[in-house]
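User: I should like to learn how to read helix packing and residue environments. Please take me through a case.

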Amino acid sequence: MAAPPAYSLIATDLDGTLLRGDDTVSDRSLDALARAARAGARHLVVTGRPAPRVRPLLDLLGCTGLAVCGQGAQVYDAGADRLLWSVRLDRELAETALGKIEAEVGQVHAAVDQDGVDGLTLIEPGYRMPHPTLPAVRVGRRDDLWCEPISKVLLRHPSLSDDELAATARSVVGSLATVTMSGPGTVELQPCGITKATGLAMAAEHLGLSRADTLAFGDMPNDIPMFDWAARGVAMANAHPQLKAVADEVTLSNEDDGIAVVLERVFGFRATVL
């Protein structure tokens with residue numbers, strides 16, 4: 001009888017982790033994930049991207065099961081194209097939080113991800129998408145951002161760094177929202193108490209798995225709660241220093257097949273694609 005896999009749940013962030021800079025996944029990483037699946041492990045995408053922005057990537061990965069999206073605010077069933085669970089950010093709380101942040105740092109530029117499997121990303125005048133491949137709809141004024149229920153708000157400041165903006169936002173937002181930093185130019189407000197760990201725990205329970213079964217990979221501070229929850233957290237070489245500080249291990253970068261290197265070692269594979 002074959003031994004059970006070392007980890008039966010592999011949780012991977014996308015941007016800066018599994019994805020290369022051009023939004024592709026290397027053949028070696030795809031091969032390692034496929035071989036881990038044949039060994040009995042489940043792969044779960046855990047990303048800040050909302051469900052509508054994840055579907056094409058799940059198709060690329062051949063994923064027809066669950067994915068955790070929207071910084072943990074959504075558990076998406078790719079096969080059925082529906083949300084099993086989602087939490088909305090109250091629009092009045094979002095506006096209040098924005099007002100508090102702007103009272104401290106001056107004008108910020110905002111965008112929102114609408115809730116739902118067909119939700120749009122809306123951006124106000126002055127906001128630049130940090131990832132140019134992600135589609136967005138520009139609106140004429142900030143009030144237009146709140147036309148439909150939202151899952152999160154994305155913020156950019158014309159001069160402050162992401163770390164500075166996130167730190168200030170946390171100091172003034174309080175219980176109005178959870179503040180995360182998920183990538184270059186990506187500071188976000190999401191429902192209070194919601195993190196990647198929230199969605200990951202819910203998805204794992206749905207799959208009959210637990211934190212003790214979970215090996216997690218990430219690159220940014222928004223992955224810290226996921227690392228705290230999982231049995232083992234692996235940061236990419238390109239990861240933010242805050243995540244590296246709490247990781248159990250640092251692997252190679254997303255451009256150098258860092259996930260594949262770890263999976264090959266943990267599951268006892270030989271690299272078959274280089």
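Analyst: The discussion covers a helix pair and then two loop residues. This is a predicted model, in which local features need pLDDT of at least 70, side-chain atom pairs count only at pLDDT 80 or more, and totals for chains, interfaces and linings use all residues. Residues are numbered from 1 along each chain as its sequence is written, and side-chain values use heavy atoms, with hydrogens and water left out.

User: At what angle do the axes of helix H4 and helix H5 cross?

Analyst: Axes are lines fitted to C-alpha atoms, for helices over the stretch in contact, and angles run from 0 to 180 degrees between N-to-C directions. Helices are DSSP runs (H or I, at least four residues), and strands likewise (E, at least two), numbered from the N terminus. Here H4 (residues 91-105) and H5 (residues 162-173) cross at roughly 120°, their axes coming within 9 Å.

User: Which residues in H4 and H5 meet?

Analyst: Contact means heavy atoms within 4.5 Å. Ala97, Lys100, Ile101, Glu104 and Val105 of H4 meet Leu165, Thr168, Ala169, Val172 and Val173 of H5.

User: Is Asp23 buried or exposed?

Analyst: Buried means under 20% relative accessible area, exposed over 50%, and partly exposed in between (1.4 Å probe, protein chains only). Asp23, in the loop between helix H1 (14-18) and helix H2 (27-38), counts as buried because its relative accessibility is 15%. Residues touching Asp23 include Arg49, Leu57 and His131.

User: Where is Ser159 found?

Analyst: Ser159 is in the loop between strand S9 (150-156) and H5. Ser159 has 61% relative accessibility and therefore counts as exposed. Ser159 and Val108 are 51 residues apart in sequence, with a C-alpha to C-alpha distance of 9.6 Å.

Terms used:
Lists of a residue's contacts leave out its neighbours within four places in sequence.
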